[in-house]
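Please open the model in your viewer and keep the sequence panel beside it. The tour begins with the whole chain and then moves to a single strand and its partners.

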Amino acid sequence: MKKKIIGITVILILISCTKEKASDRLLPEPDKNEHLAAENASKINKDKNTIRERFSPPEGYQWVEEKAGSFGHFIEHFKLKPYGAQILRYDGVPISTQDLHEAVFDIDTGNKDLQQCADAAIRMRAEYLYKEKRFDEIKFHFTSGDLLSWNDYKNGTRAFVKGNSVSFRKAAAFDDSYQSFRNYLDLIFNYAGTISLNKETKPVTKNAELKTGDILITPGSPGHIVFISGVCENKEGKRLFLLSEGFTPAQSIHVLSNPFDPAVTPWYDLDVNAPETKTARYFFKPTNFRNF
């Protein structure tokens with residue numbers, strides 16, 4: 001079945017923050033000395049290789065427990081590369097800015113400029129659902145509004161773009177291998193983005209409801225996404241959060257430092273009602289937290 005869409009040129013502009021132009025929301029690199037002074041503000045267990053083990057909460061805070069089998073538990077226990085690992089582009093070249101992250105997720109980026117900001121959040125969500133064998137839930141919209149599920153793709157359904165239309169038809173044999181799953185995700189990365197992901201998720205309106213796996217998103221062209229990758233809390237109920245992201249060009253998914261608050265970096269003090277939220281490389285205005 002064919003559906004009229006915006007036009008393939010527009011789709012390619014909107015699909016992801018990777019294919020978007022530079023924005024005035026991109027933050028200038030903070031002073032490197034300030035970052036160095038802040039490195040030990042919160043204890044980092046450099047010999048540990050998961051978020052939960054590597055990052056100790058600031059004094060007076062404790063980790064908020066995530067239920068085993070949850071998306072949050074999956075993220076917090078995802079394997080990290082050894083401490084000090086660089087952020088690499090899809091072509092293996094290190095990016096120029098290497099002082100605004102504290103960890104790199106041990107997950108491939110692919111060899112094409114596809115897995116960017118929205119795609120990093122999609123990748124983590126899809127990998128979680130795949131691991132939990134919740135295959136029926138692995139489905140994502142293109143920016144055009146067209147939906148393609150992993151179940152359809154593994155059964156041979158493929159997308160065909162011609163002019164201003166997208167059609168889907170069976171064009172391949174059944175293949176439920178992990179490589180086929182990665183091919184499906186590359187297709188999603190190519191045609192999904194901040195706009196489609198914003199529509200697929202639900203708003204978070206209370207600070208107490210923010211949890212690991214939720215996203216902070218600016219939909220559009222340009223747009224951007226970071227996702228919460230850890231939550232800690234003190235006795236008064238105040239919470240702090242770790243943030244992670246992908247970026248453009250496609251590059252390693254990484255945990256951000258917090259150059260704005262040396263006392264608690266890499267943790268962030270977040271507020272769903274804040275008019276804007278600054279992260280290490282981008283500021284979000286308005287603040288727009290959402291969950292899957």
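What follows is a sequence of selections, each with a note on what is there.

Begin by selecting the whole protein chain, bearing in mind that this is a predicted model. Its secondary structure comes to eight helices and 15 strands, and of its 292 residues 55% count as buried. If you display the accessible surface of the chain, it comes to about 13,200 Å², with 50% of that belonging to carbon and sulfur atoms. Among the contacts between residues at least 6 apart in sequence, 66% join residues that are at least 24 apart.

Next, select strand β9, residues 215–218, and show its side chains. Are the two faces of this strand covered or uncovered? Both are covered, since I215 and I217 on one side are buried, as are L216 and T218 on the other. In a regular strand, side chains alternate between the two faces of the sheet.

Now add strand β10, residues 224–234, which runs antiparallel to β9 and is joined to it by four bridges. To find one of the paired positions, pick T218, whose bridge partner in β10 is H224. Then centre the view on the turn, where five residues lie between the two strands of this hairpin, and inspect the backbone of G220, which has a positive phi of about 140°.

Finally, select strand β15, residues 289–291, which pairs with β9 in the antiparallel sense over two bridges. Here the residue to pick in β9 is L216, whose bridge partner in β15 is F289.

Conventions
Residues numbered from 1 in each chain as written. Predicted model: local features only at pLDDT ≥ 70, side-chain atom pairs only at ≥ 80, totals over all residues. Heavy atoms only, no water. Buried < 20%, exposed > 50% of the residue type's maximum accessible area, 1.4 Å probe, protein only. Pairing = 2+ DSSP bridges. Contact = heavy atoms within 4.5 Å. Areas by Shrake-Rupley, 256 points an atom, 1.4 Å probe, with all protein chains shown as cover.
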